[in-house]
Amino acid sequence: MPRPKGSYHHGDLRAALIAAGLELAREGHPDAMSLRKIARSVGVTPNAAYRHFSGRNDLLAAVAAKIQERMAEAMLDKTVTPECTDQTTAAIARLRGVGLGYIDFAIEEPGWFQLAFFTPEGLERPDGRIPPPLTLLQQALGDLIGAGLLTPERLAEAQWSCWATVHGFAELTIHGPLRDHDPAVVRGMAAQAVDDIITGVTNRPLAS
C-alpha cells in the first residue's frame with residue numbers, strides 16, 4: 001500500500017513511489033498512474049520523483065517488474081512437489097504448478113496481472129531480465145527435457161503453447177465469459193486446461 005505522506009525514509013523514495021504505483025495498479029487504475037499524482041500521494045514534489053523516474057512510462061516499467069516478481073513468488077508456491085518422486089512425476093508436477101500459479105495469480109490479482117504484461121509498447125524491465133514468470137516456465141520445460149518428456153528441438157514451440165494456454169485462460173477469467181463464474185469452478189476448469197496442455201506438450205496422457 002502507498003505510504004502516508006512524509007513516512008518514507010531518506011533514500012527510499014524510489015521504493016515508496018513504486019509502492020504507491022502498486023496500490024493504484026491493484027485497484028485497476030493504471031491509467032491514473034501519473035508520476036505527479038504518485039509523487040503527491042507519498043508527500044513529495046514531482047521534481048523529487050523525477051530524480052528517480054524519467055516519466056510515467058519509466059515508473060510503469062518499474063511497477064510492472066515488481067508485479068512480475070510477486071507473480072513468480074506466487075507461482076513458486078504452487079510448484080512444491082512431493083518428496084521421493086521419480087523424475088518424470090516431479091517434472092510434470094512442476095510444470096503443472098507453474099501453470100496453475102499463473103492463472104491463480106490472475107484470479108486473485110486481476111489489476112496487477114493486467115499491468116504485468118500490458119505496459120506501453122517498448123518498455124522493458126529496468127534490470128533487463130526476461131519476466132520471472134517466463135523464467136519459471138522455461139525451467140519447468142527444462143525439467144521435462146531432463147526427464148525425457150520433451151526434446152530440446154520442441155522447447156520453443158512448447159514454451160509458446162504453454163504460455164498462450166494459461167494466459168488466454170487468465171484473460172477469460174478477467175474479461176471473458178468466466179469472469180462471473182464461481183472461482184472454485186473456474187479453478188477446476190483451469191486445472192483441466194493445464195493438464196490438457198501438458199498432455200499435448202509431452203505427447204502422453206496424465207495419470208488420473
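**Exercise 1. Placing a glutamine**

In which helix is glutamine 159 found? Decide also whether glutamine 159 is buried or exposed, and list what it touches beyond its sequence neighbours.

*Solution.* Keep in mind throughout that this is a predicted model.

- Step 1: Look up the position. Glutamine 159 belongs to helix α8, which spans residues 155–174.
- Step 2: Check the accessibility. Its relative accessibility is 11%, and buried means under 20%. Glutamine 159 therefore counts as buried.
- Step 3: Collect the contacts. Leaving out residues up to four places away in sequence, glutamine 159 touches Leu134, Leu137, Gln138 and Leu141.
- Step 4: Follow one of these names further. Leu141 is among the three residues that touch the most other members of the largest nonpolar core.

**Exercise 2. The overall architecture**

Describe the fold in terms of its helices and strands, its buried fraction and its long-range contacts.

*Solution.* Start with the elements and then turn to the residues.

- Step 1: Count the elements. There are nine helices and zero strands, so the order from the N terminus reads α-α-α-α-α-α-α-α-α.
- Step 2: Take the burial. Of the 208 residues in the protein, 42% are buried.
- Step 3: Take the contacts. Among contacts with a separation of 6 or more, 68% join residues 24 or more positions apart.
- Step 4: Find the core. The largest nonpolar core has 64 residues, and Ile67, Leu141 and Leu144 touch the most other members. In soluble globular proteins, nonpolar side chains tend to be buried together.

**Exercise 3. Two packings that share α6**

Which residues make the contact between α1 and α6, and which make the contact between α5 and α6? Classify each angle, too.

*Solution.* Two packed helices are described by the angle between their axes and the distance between the axes. Let's apply this to each pair.

- Step 1: Begin with α1 and α6. Their axes lie 7 Å apart, at an angle of about 110°. Angles of 65 to 115 degrees count as roughly perpendicular, so α1 is roughly perpendicular to α6. On the α1 side the contact involves Leu22, Ala25 and Arg26, and on the α6 side Gly111, Trp112 and Leu115.
- Step 2: Move on to α5 and α6. Here the axes are 5 Å apart and the angle is about 120°. This makes α5 oblique to α6. Tyr102, Phe105, Ala106, Ile107 and Glu108 of α5 meet Pro110, Trp112, Phe113 and Phe117 of α6.
- Step 3: Look at burial in α6. Gly111, Trp112, Phe113, Leu115 and Ala116 are its buried residues, and they pack against α1, α4, α5 and α8.
- Step 4: Connect this to the core. Isoleucine 67 touches Trp112, Leu115 and Ala116, and its other partners include Leu22, Ala25 and Phe105, with residues up to four places away in sequence not counted.

**Exercise 4. Salt bridges and burial**

How many salt bridges does the structure hold? Work through several of them, asking for each side chain how accessible it is.

*Solution.* The structure holds seven salt bridges.

- Step 1: Take arginine 26 and glutamate 109, whose side chains meet at 2.6 Å, N to O. Arginine 26 sits in helix α1 and glutamate 109 in the loop between α5 and α6, so the pair links parts of the chain 83 residues apart. Arginine 26 is partly exposed because its relative accessibility is 37%, while glutamate 109, at 16%, is buried.
- Step 2: Take aspartate 195 and arginine 96, whose salt bridge is also 2.6 Å, N to O. This pair joins helix α9 to helix α5 across 99 residues. Aspartate 195 counts as buried at 18%, whereas arginine 96 is partly exposed at 28%. The same two side chains make a polar contact.
- Step 3: Take arginine 154 and glutamate 157, with the closest N and O atoms 3.1 Å apart. Both ends are partly exposed: arginine 154 at 24% and glutamate 157 at 46%.
- Step 4: Finish with a network. Salt bridges link Asp104, Glu108 and Arg187. Glu108 also takes part in the contact between α5 and α6.

Technical notes
Residues numbered from 1 in each chain as written. Predicted model: local features only at pLDDT ≥ 70, side-chain atom pairs only at ≥ 80, totals over all residues. Heavy atoms only, no water. Buried < 20%, exposed > 50% of the residue type's maximum accessible area, 1.4 Å probe, protein only. Polar contact = N/O pair within 3.5 Å; in protein donor to acceptor, adjacent residues only side chain to side chain. Core = buried A, V, L, I, M, F, W, Y, C linked by side-chain atoms within 4.5 Å. Contact = heavy atoms within 4.5 Å. Salt bridge = Lys/Arg side-chain N within 4 Å of Asp/Glu carboxyl O. Helix = DSSP H or I, 4+ residues; strand = E, 2+ residues; numbered from the N terminus. Axes fitted to C-alpha atoms, helices over the stretch in contact; angles between N-to-C directions. Parallel < 35°, antiparallel > 145°, perpendicular 65-115°, else oblique.
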